[in-house]
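Please open the structure in a viewer and keep the sequence at hand. The tour below proceeds by selection, from the whole chain to single residues.

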Amino acid sequence: MATQAIDWSKPRKREWGTALTALRRLLANGDDTVQVFRIMRALNGDTLARNYRRLLSTAEGGRIAYRRTELAEKFSDRAWIDSLPEGSVGAAYRAFLDRTGYSAQGLADVSYADADVERGIEHPHAWYGRRERDIHDIWHVITGYQADEPLGEACLVAFSYAQTGGLGWAFIALGAALKSLRVTGSRSFAKAVREGYRHGKAARWLSGEDYELLLAEPLDAVRARLNIGDPVLYRAAQAELRQKGLIGI
C-alpha cells in the first residue's frame, strides 16, 4: 500500500471505503493487526490532536509531554520490566508478555507495516499516537480483557472508544459484535462488548497516566484508583464460548 506524507496541522479526512475493506479483512483474520491501524488512520480524524490537548490540561500532562518518552522502547527494556515488584501492574505485564509472546516493539513494527512514513516523526501528535499504541497492552492487563482472544480484544476496543472517542475503535467493536450474533446465535459476546464500553466511560482517563510510574503500582490499587469495573459479562461470555467450542467471531 502506498504511503503519503501526513499534514499534522490538519485533521485527516475519514476514508470509509478504506476502513470497511480493512474491517472485512480483520474480521476474516483476527491476527491481521495491520488492519487495525488502517482503520484507525482512516477514521480517527482529529482524535490524536484532541487527546493531546487534553493531556496537556492534566496536572502531570505537561511534564509527560515535555519528556516525550517512547514507551515502546521503555516497555522493551526487559531488565526494567523484570525489576518491577510482584503484584504490580508491571509484574502482570511481564506475565502477559511471557504467556502471549507479544512485545511492545512487535506491535510498533506492525503499526508501520504500510505506513513507514510515520516512523519516528517528530511532532507532538505523532508522538502521542505512538504512546496510545504502546499503552494498549497495558490496558489489557489493567482491565482484565485477554489480548489473545477475539472477545477480549473486542471488549478492550469498545473500552478504548469510550476512553478516546476514536471512531475507528467504535467501528471495530460494532463489526465484531454484529458478526458474533451471526456466528454464535447468542447476544453474550455483544453484551460483553457493550460492558467494555460502559466500563470505559466510567473509568478515569487512562491516557493521562504516567505509565513509567503506574507499572510499579499494585495492580489491584490501580484498578481501584482508576475505577476499572469488574468484567462480569465478559467472563460469562468467555465461559459460554468455551462451552460451545467457539471463539465468537
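Begin with the whole chain and its contacts. Of the contacts between residues at least 6 apart in sequence, 74% join residues at least 24 apart. The model on display is a predicted one. Colour it by secondary structure: the protein has 16 helices and zero strands.

Next, consider the overall dimensions. Along the principal axes, the C-alpha atoms fill a box of roughly 50 × 45 × 30 Å. For 249 residues, a compact globule would have a radius of gyration near 18 Å, and the protein agrees, with 18 Å. Now display the surface. About 12,100 Å² is exposed, and carbon and sulfur atoms supply 53% of that area. Buried residues account for 51% of the 249 residues.

**Helix α7**

Select residues 89–100, which form helix α7. What distance separates its end C-alpha atoms? They lie 16 Å apart, in agreement with the 16 Å that 12 residues should span at 1.5 Å a residue.

Show the side chains of this helix. The buried residues of α7 are Val89, Gly90, Ala91, Tyr93, Arg94, Phe96, Leu97 and Thr100. To see what lies over them, add α5 (71–75), α6 (78–83) and α8 (104–111), which are among the elements that cover these residues. Then add α10, α14 (211–214) and α15 (219–225), which are also included in that cover. Before leaving the helix, select Gly101, just after α7, where phi is positive at about 80°.

**Glu149**

Move along the chain to Glu149, in the loop between α10 (136–143) and α11 (150–164). Is this residue buried or exposed? Glu149 has a relative accessible area of 17%, so it counts as buried, the limit being under 20%.

Show the surroundings of Glu149. Setting aside residues up to four places away in sequence, Glu149 touches Tyr234 and Gln238. For a distance across the model, select Arg68 as well: Glu149 and Arg68 are 81 residues apart in sequence, and their C-alpha atoms are 32 Å apart in space.

**A surface patch**

For the last stop, return to the surface and select Leu178, which lies in helix α12 (residues 167–184). Which residues form a nonpolar patch with Leu178? The patch consists of Leu174, Leu178 and Leu181, which together have about 270 Å² of accessible area.

Conventions:
Residues are numbered from 1 along each chain as its sequence is written. This is a predicted model: local features need pLDDT of at least 70, side-chain atom pairs count only at pLDDT 80 or more; totals for chains, interfaces and linings use all residues. Side-chain values use heavy atoms; hydrogens and water are left out. Patches are made of residues with over 30% relative accessible area and no salt bridge: like charges are joined within 9 Å, nonpolar side chains (Val, Leu, Ile, Met, Phe, Trp, Tyr) within 5 Å. Accessible areas come from the Shrake-Rupley method with a 1.4 Å probe; for residues, only the protein chains shown count as cover. A salt bridge is a side-chain nitrogen of Lys or Arg within 4 Å of a carboxyl oxygen of Asp or Glu. Helices (H or I, at least four residues) and strands (E, at least two) are DSSP runs, numbered from the N terminus. Buried means under 20% relative accessible area, exposed over 50%, partly exposed in between (1.4 Å probe, protein chains only). Contact means heavy atoms within 4.5 Å. The radius of gyration is taken over C-alpha atoms; the globule rule is 2.2 Å times the number of residues to the power 0.38. The expected span of a helix is 1.5 Å times one less than its number of residues.
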